[in-house]
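Please open the model in your viewer and keep the selection panel at hand, since each stop below asks you to pick out one part and look at what is there.

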Amino acid sequence: MLKLEYKKISDDTLRAMRDAVGSNHDHYEDAVCAIRFILPSAETHILNCADSCIFTVVESLPEPILTVDMGGWNGFKKSCDILNKKYLEIETDEGMINIESLKNYIEDYEIKSIYITSLCAYTRLQPIEEIYELCNVHDVILILDISGTIGHEKINAYCDVQIASTGSPKIVNCENGGFINNLTQKVAFNKHLLKTFKADNITCAAIANEIKKSPEILQKTVKANTYLKRILSEKLKDDKTHHIIHESYTGTNTIIKTESKKTAKKLAYHIKQELDIPNNKSIITTGPNYNRLKIPSVNVETKNMDIEYLTKGNMDKLAEIVVDKIESS
Ligand SMILES: Cc1ncc(COP(=O)(O)O)c(C=O)c1O
């Protein structure tokens, strides 16, 4: 059995939250300053979760809005359905946007806004710089969900509006909350929605304390995941049915393609049997799944692990378990 820990709120952030209970201090302002220190912006709104941020942003977007056919976030589509906003899904290459098809799509369907996650399926960076360049040429508003890349040195800046979750298990892991950074202020948000969904003082105290750690947490997660992708690719190089999707790219999870949905479920079950993670939490999920890839697969959610457990030794053992279960299935 491999002992691992699921991501939990850090002790110092818990302390900051406890101290905020009953306090008159304005933790909202502290959190705004802390967010802007990492992600410079002239307009920041902190809400109770990222889906509230998405709902609020979608409400104000011009249509039609474009998103991906897989590897995005289904909360965006749900908000569009509730708000009766027209959205289209661009066909991707296993979640990745092709710039030439995007250009054609924008022109053919007169796209006015785009919502994407900075990481496709949490496993590979979208070509964000090129996407934003295209958006600027065609007057399209780009909404970038940076939940998976907060702390990245530069990629998050290539958009009009940033949205991020500070829920769990996330890079900024506070169990609640999310924020909107309106970088270019080309859209104005509904004031009633901003007020209705506004984050409480305790969540803000957590964000103010936690967000400064995001560069280090992201870097450790990516490093461990890159190593896991590499050793698994190596071990599976002669396997005709299993391979790592987007194997040599930066991400925070590792996706293993399987033969069918049924074999993915079976393999995931056998891997989970070898992992000792308290409280019935799991770092293994399966596809097809819109939020990951709509491909039969087993996803090792490296991002869900406590960073203390993201060691080379644990990644080696995890890879051994995965390969052993593939070979014996
Ligand atoms: C990319 C992405 N965006 C948004 C959300 C929604 O976050 P929240 O739980 O804060 O509403 C999630 C949740 O997992 C997510 O993965």
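The tour goes from the domains to a helix and then to a strand.

This is a predicted model, in which local features need pLDDT of at least 70 and side-chain atom pairs count only at pLDDT 80 or more, while totals for chains, interfaces and linings use all residues. Residues are numbered from 1 along each chain as its sequence is written.

Begin by colouring domain 1 (11–213) and domain 2 (215–327), the two given by the domain assignment of the chain, whose bounds come from an automatic or database assignment. Their C-alpha centres lie 26 Å apart, and 20 residues from domain 1 and 20 residues from domain 2 take part in the contact, where contact means that C-beta atoms, placed from the backbone, lie within 7 Å.

Next, select helix H9 (residues 214–235); helices (H or I, at least four residues) and strands (E, at least two) are DSSP runs, numbered from the N terminus. Its buried residues include Ile 217, Leu 218, Thr 221 and Leu 228, a residue being buried if 20 or more other C-beta atoms, placed from the backbone, lie within 10 Å of its own. Among the elements that cover the buried residues of H9 are helix H2 (27–38), strand S12 (254–257) and strand S15 (297–300).

Now move to S15, where Ser 297 and Asn 299 point one way and Val 298 and Val 300 the other way, although all are buried. S12 runs antiparallel to S15 and is joined to it by 4 bridges, with Lys 257 opposite Ser 297. Finally, select strand S14 (residues 284–287), which is also antiparallel to S15 and joined by 4 bridges; here Ile 284 has Val 300 as its bridge partner.

Note on methods
Two residues are in contact if their C-beta atoms, placed from the backbone, lie within 7 Å. A residue is buried if 20 or more other C-beta atoms lie within 10 Å of its own, exposed if 12 or fewer, and partly exposed in between; C-beta atoms are placed from the backbone. Two strands pair if DSSP finds at least two bridges between them.
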